[in-house]
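Dear colleague,

Please find below the structure that I am handing over to you. My findings follow it, arranged by region.

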Amino acid sequence: MAANSLQELYVEQLQDLYNAEQQIIKALPKMIEAAQSDELRSALNEHLEVTRKQASRVEGICQERGEEAENEKCKGMEGVLKEGSDLLKEVSDEIRDAAIIAAAQRVEHYEIAGYGTARTYANLLGYDEAAGLLEETLEEEKEADQKLNDLAEELNVEALESGESAESEQAGQASERSSKSKKSAGRSKRAA
């Protein structure tokens, strides 16, 4: 359905956000399971509970307007979540938590943009109660993003340090192989 008014666009945005929240509810347990840091797992678990409340809040706003919440497929969130899932398959254990934070922050930023837009539409349309609820959700998303930022400060440094250790170890092994190769070549020359 093509939106022909700000009211229709507002409803589409709400439906998009509702679907995005449903996708996140399905994706977060996988991220929680993959996380190695107890703090990160705890933050993601906490956000899963908040996300359920946010989905319920959006559903209630839609019902107030006499609209179904489940009508739009959020292709943007689908893409963001797929990208995050693909990233987690490609990274080593040493940097997995840093990758989870990167993926989770992309999700949060997408939601911040969506909730900010929906709140603005609600304000313009005079839906003060809905605007307040959407503002509440927007603030929760910003808080989640800040919590991820705080965790990233610690976990990204750990990822950097473990990556440097791995690189040093690989360089040491390469140097050792090179040294053995030179010794072997030296013995071959003497034997000839």
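In which helix is Thr51 found? This residue belongs to helix 2, which covers residues 38-64. Please bear in mind throughout that the model is predicted.

Overall architecture

The chain has five helices and zero strands, and its elements follow the order α-α-α-α-α from the N terminus. Of the 192 residues in the chain, 38% are buried. Among contacts with a separation of 6 or more, 78% are between residues 24 or more positions apart.

Helix 2 and Thr51

Helix 2 contains 27 residues and spans 39 Å between its first and last C-alpha, close to the 39 Å expected at 1.5 Å a residue. At its N-terminal end, Ser37 acts as a cap, with a side-chain oxygen 3.2 Å from the backbone nitrogen of Glu39. Just after the helix, Gly66 adopts a positive phi of about 75 degrees.

The buried residues of helix 2 include the apolar Leu40, Leu44, Leu48, Val58 and Ile61, and also His47, Gln54 and Arg57. Thr51 is counted as buried because its relative accessibility is 0%, below the 20% cut-off. A polar atom of the Thr51 side chain lies 2.7 Å from the backbone oxygen of His47. Beyond residues up to four places away in sequence, Thr51 touches Glu21, Ile24, Ile25 and Leu28.

Helix 1

Helix 1 (6-34) comprises 29 residues and reaches 41 Å from first to last C-alpha, close to the 42 Å expected at 1.5 Å a residue. A bend of about 30 degrees occurs in helix 1 at Ala27, and a proline, Pro29, follows within four residues.

Helix 3 and its two sides

Helix 3 (residues 75-90) has 16 residues and extends 23 Å between its terminal C-alpha atoms, close to the 22 Å expected at 1.5 Å a residue. Its buried residues are Met77, Val80, Leu81, Gly84 and Leu88. Because these residues cover an arc of only 95 degrees around the axis, they lie on the same side of helix 3. They pack against helix 1 and helix 4 (96-125). On the other side of helix 3, the exposed residues are Lys75, Lys82, Lys89 and Glu90.

Ala104 in helix 4

Which residues are in contact with Ala104, leaving aside its neighbours within four places in sequence? They are Met31 and Leu148. Ala104 lies in helix 4 and counts as buried because its relative accessibility is 6%. Its C-alpha atom is 7.8 Å from that of Gly84, the two residues being 20 residues apart along the chain. Gly84 is itself one of the buried residues of helix 3.

Cysteines

How many disulfides does a search of the whole structure find? The search returns zero. Cys62 counts as buried because its relative accessibility is 1%, and Cys74 likewise counts as buried because its relative accessibility is 0%. Cys62 is also among the buried residues of helix 2.

With kind regards

Key:
Residues numbered from 1 in each chain as written. Predicted model: local features only at pLDDT ≥ 70, side-chain atom pairs only at ≥ 80, totals over all residues. Heavy atoms only, no water. Expected span 1.5 Å × (residues − 1). Buried < 20%, exposed > 50% of the residue type's maximum accessible area, 1.4 Å probe, protein only. Arc of directions from axis to C-beta. Contact = heavy atoms within 4.5 Å. Bend = angle between axes of the 7 residues up to and from the residue. Polar contact = N/O pair within 3.5 Å; in protein donor to acceptor, adjacent residues only side chain to side chain. Disulfide = S-S within 2.5 Å.
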